[in-house]
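Open the model in your viewer and keep the selection box handy. We will go from stop to stop, selecting a few residues each time.

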Amino acid sequence: MYFLLLCLFSLLILILQVTLFDLLFLGKISLELSLLLVIYAGFHLNITRGGALALIVGFFYDSMASIIPGIFVFIYILVFFIAKVMSDKVRAEDTVFIMGFTFMCALLEGGIIFFIYKALLDINLSYMLFINVFLPQALIVSVISPVFFPLFHRVEVLLSAREPR
């Protein structure tokens with residue numbers, strides 16, 4: 001039941017991300033709620049549930065908005081494992097750490113997309129696109145990340161049917 005609800009929640013987050021925020025920002029910048037969800041999973045879920053979440057979110061996002069199949073599955077699994085390793089080393093509840101880590105993950109995602117598009121499709125996402133799109137997107141996502149982590153925790157509590165910490 002948990003994984004079915006996880007699929008539905010993931011799909012809801014992606015629909016919100018792809019449609020509503022695309023309309024709000026006129027398609028120029030998207031708020032990567034899916035990236036925040038994967039980072040949250042790396043910090044707070046076990047390897048099975050978090051890995052499944054990263055895989056599901058990446059698969060759905062690839063299905064909805066990706067030109068290159070599997071790129072977001074790869075990115076989200078990578079981000080999940082990096083967050084999982086970091087959660088063992090540092091206290092993941094610190095707001096500044098969450099913001100900084102989210103910023104670095106958003107830049108990593110942009111960099112991977114930038115280089116894969118260049119290598120596989122010979123599409124040059126020029127330096128200006130990186131500065132004008134990926135950097136502001138990373139800044140916005142990092143600033144809103146401390147707001148969404150408690151919301152994700154509430155949903156985790158509802159899905160797990162357990163008491164909040």
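For this tour, a contact means heavy atoms within 4.5 Å. Keep in mind that what you have loaded is a predicted model.

**Stop 1: the loop between α5 and α6**

Select Ile123, which sits in the loop between α5 and α6. Which residues is Ile123 in contact with, leaving aside its neighbours within four places in sequence? Tyr117 and Lys118 are the answer. Ile123 has a relative accessible area of 33%, so it counts as partly exposed.

Now add Lys118 and Asp122 to the selection and show their side chains. The two meet in a salt bridge, at 3.3 Å from N to O. That distance qualifies because the rule asks for a Lys or Arg side-chain nitrogen within 4 Å of a carboxyl oxygen of Asp or Glu. In general, side chains of opposite charge can pair when their charged atoms come close. By this rule, the count for the structure is one salt bridge. Check the accessibility of both partners: Lys118 is partly exposed at 40%, whereas Asp122 is exposed at 57%.

**Stop 2: a nonpolar patch on the surface**

Keep Ile123 and add Ile67, Leu120 and Leu121. Together these four residues form a nonpolar surface patch with about 380 Å² of accessible area. Ile67 belongs to the loop between α3 (47–65) and α4 (71–89). Its relative accessible area is 59%, so Ile67 is exposed.

**Stop 3: the largest nonpolar core**

Hide the surface and turn to the interior. In soluble globular proteins, nonpolar side chains tend to be buried together. Here the largest nonpolar core has 47 residues, and Leu36, Ile39, Tyr76 and Phe152 touch the most other members. At least two residues of this core come from each of α1 (2–24), α2 (33–44), α3, α4, α5 (95–121) and α6 (127–160). Colour α2 separately if you like: with nine residues, α2 supplies the largest share.

Next, centre on Ile39. Beyond residues up to four places away in sequence, Ile39 touches Val79, Ala83, Phe101, Thr102, Cys105 and Phe149.

**Stop 4: two cysteines**

From that list, pick Cys105, then select Cys7 as well. Is Cys105 buried or exposed? With a relative accessible area of 3%, Cys105 is buried. Cys7, in contrast, is partly exposed at 27%. If you search for disulfides, expect none: the structure holds zero.

**Stop 5: along helix α1**

Finish with two residues of helix α1, starting with Leu6. Leu6 is buried, at 3% relative accessibility. Setting aside residues up to four places away in sequence, its contacts are Arg49, Leu53, Ile56 and Leu159. Draw a distance from the C-alpha of Leu6 to that of Ile39, 33 residues apart along the chain, and you should read 15 Å.

Then move to Ser10, also placed in helix α1. A relative accessible area of 1% makes Ser10 buried, because the cut-off for buried is under 20%. Where does Ser10 make its contacts, not counting residues up to four places away in sequence? Ser10 touches Leu53, Ile56, Val57 and Phe60. For one last distance, join the C-alpha atoms of Ser10 and Ile56: these residues are 46 apart along the chain, and the separation is 7.3 Å.

Technical notes
Residues are numbered from 1 along each chain as its sequence is written. This is a predicted model: local features need pLDDT of at least 70, side-chain atom pairs count only at pLDDT 80 or more; totals for chains, interfaces and linings use all residues. Side-chain values use heavy atoms; hydrogens and water are left out. Patches are made of residues with over 30% relative accessible area and no salt bridge: like charges are joined within 9 Å, nonpolar side chains (Val, Leu, Ile, Met, Phe, Trp, Tyr) within 5 Å. Accessible areas come from the Shrake-Rupley method with a 1.4 Å probe; for residues, only the protein chains shown count as cover. Helices (H or I, at least four residues) and strands (E, at least two) are DSSP runs, numbered from the N terminus. Buried means under 20% relative accessible area, exposed over 50%, partly exposed in between (1.4 Å probe, protein chains only). A disulfide is a pair of cysteine sulfur atoms within 2.5 Å. A nonpolar core is a set of buried Ala, Val, Leu, Ile, Met, Phe, Trp, Tyr and Cys residues joined through side-chain atoms within 4.5 Å.
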